Amino acid sequence: RFVKRMVIAFILRWTSYALLFVFATVCLATGLYYLAELVEEYEKLTRKLIRWAIWTILGIHFLVWIFEGYPFINVIIGVGAHLLYYRLLQQFPRIQLASPMFIVSVAALLVDHIMWFRFFTSEWHPFEDVVTFFLSCVWLVPFAFFISLTSAENSLPSYGATMSASGEPVDVDGSGKRSSNLLVACFKFLKRKQEELIPMERIFGDRHSGYKAL
């Protein structure tokens, strides 16, 4: 009987973990979509917020070096990474993923992350301090760029673009290319594919018409 209880508890525990993971994933996807919609609507305000965030984080780097004694090399790398982000901000929101500045900024993010990770794992620090520093001083600006990425290519045809009467995409920015938030376009693309695989409106429409016939 004790073994049976252990098996049932084990199954319930891992089922709860799976449900928690699904709920967390759905909440994260919903939040990202909402943020991407806001960024797409308020591009100028988003640019200002990112600029202010970069200058604030630069100041925090010097403060932790002076008052907390964080390694000078780590601080310099962090400052250099955010200066590259500031240069990348000139392309906002139509950042070219193949541009040298974007590639160098991604490389700087990786180096910055590795250096701070090595520092915090080399000696003990409160977990809350580590998470706070990474969220605010390492990941915040790159995350803002991630949800602000704009797709000006034709990689996702007809998603996020205005369609003409003939079914052709309409130019919305005067450059001959459609401009849409890349994250929003991806969500709309996945939603369209889901509707193609599971045509819920057709199913419910057939049921509704069947009820009327009855």
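The accessible surface of the protein comes to about 14800 Å², and carbon and sulfur atoms account for 69% of that area. These values come from a predicted model. Of the 214 residues in the protein, 28% count as buried.

The secondary structure consists of 7 helices and 2 strands. Followed along the sequence, these elements run in the order α-α-α-α-α-β-β-α-α. Five helices therefore precede the pair of strands, and two helices come after it. The contacts show how the chain is brought together: among those between residues at least 6 apart in sequence, 72% join residues at least 24 apart.

Part of the surface is a nonpolar patch made up of Y34, L35, L38, Y42, L45, L49, W52, F143 and F146. Together these residues have about 890 Å² of accessible area. Two or more residues of the patch come from each of α1 (2-41), α2 (43-67) and α5 (127-148).

Two members of the patch can be looked at in turn. Y42 sits in the loop that links α1 and α2. Its relative accessibility is 42%, so Y42 counts as partly exposed, a class that lies between the 20% limit for buried and the 50% limit for exposed. F146 belongs to helix α5. F146 is also partly exposed, because its relative accessibility is 42%. Along the chain, F146 is 110 residues away from A36, yet the C-alpha atoms of these two residues are separated by 9.2 Å.

The helices α1, α2 and α5 appear again at the largest pocket, where each supplies at least two residues of the lining. The volume of this pocket is about 300 Å³. It is lined by 15 residues, and those closest to its centre are V39, T46, L49, A144 and I147. Which element gives the largest share of the lining? That element is α5, with 6 residues. One residue, L49, is named both in the nonpolar patch and among the lining residues closest to the centre of the pocket.

Helix α4 offers a view of buried positions. It covers residues 100-122, and S105 is found in it. Is S105 buried or exposed? S105 has a relative accessible area of 4%, which is under the 20% limit, and so it is buried. Leaving aside residues up to four places away in sequence, S105 touches L84, Y85 and L88.

A108 has its place in helix α4 as well. With a relative accessible area of 13%, A108 falls under the 20% limit and therefore counts as buried. When residues up to four places away in sequence are not counted, A108 touches A81, L84 and Y85. L84 and Y85 are thus named as contacts of S105 and of A108. For the pair A108 and Y85, the C-alpha to C-alpha distance is 9.2 Å, while the two residues are 23 apart in sequence.

Key. Residues numbered from 1 in each chain as written. Predicted model: local features only at pLDDT ≥ 70, side-chain atom pairs only at ≥ 80, totals over all residues. Heavy atoms only, no water. Patch = residues over 30% accessible without salt bridge, like charges linked within 9 Å, V, L, I, M, F, W, Y side chains within 5 Å. Areas by Shrake-Rupley, 256 points an atom, 1.4 Å probe, with all protein chains shown as cover. Salt bridge = Lys/Arg side-chain N within 4 Å of Asp/Glu carboxyl O. Helix = DSSP H or I, 4+ residues; strand = E, 2+ residues; numbered from the N terminus. Buried < 20%, exposed > 50% of the residue type's maximum accessible area, 1.4 Å probe, protein only. Contact = heavy atoms within 4.5 Å. 1 Å grid on protein atoms, 1.4 Å probe; cavity = no way out; pocket = protein on both sides within 12 Å on 5 of 7 lines; lining within 4 Å. Points joined across faces, edges and corners; volume = space filled by probe spheres on them.
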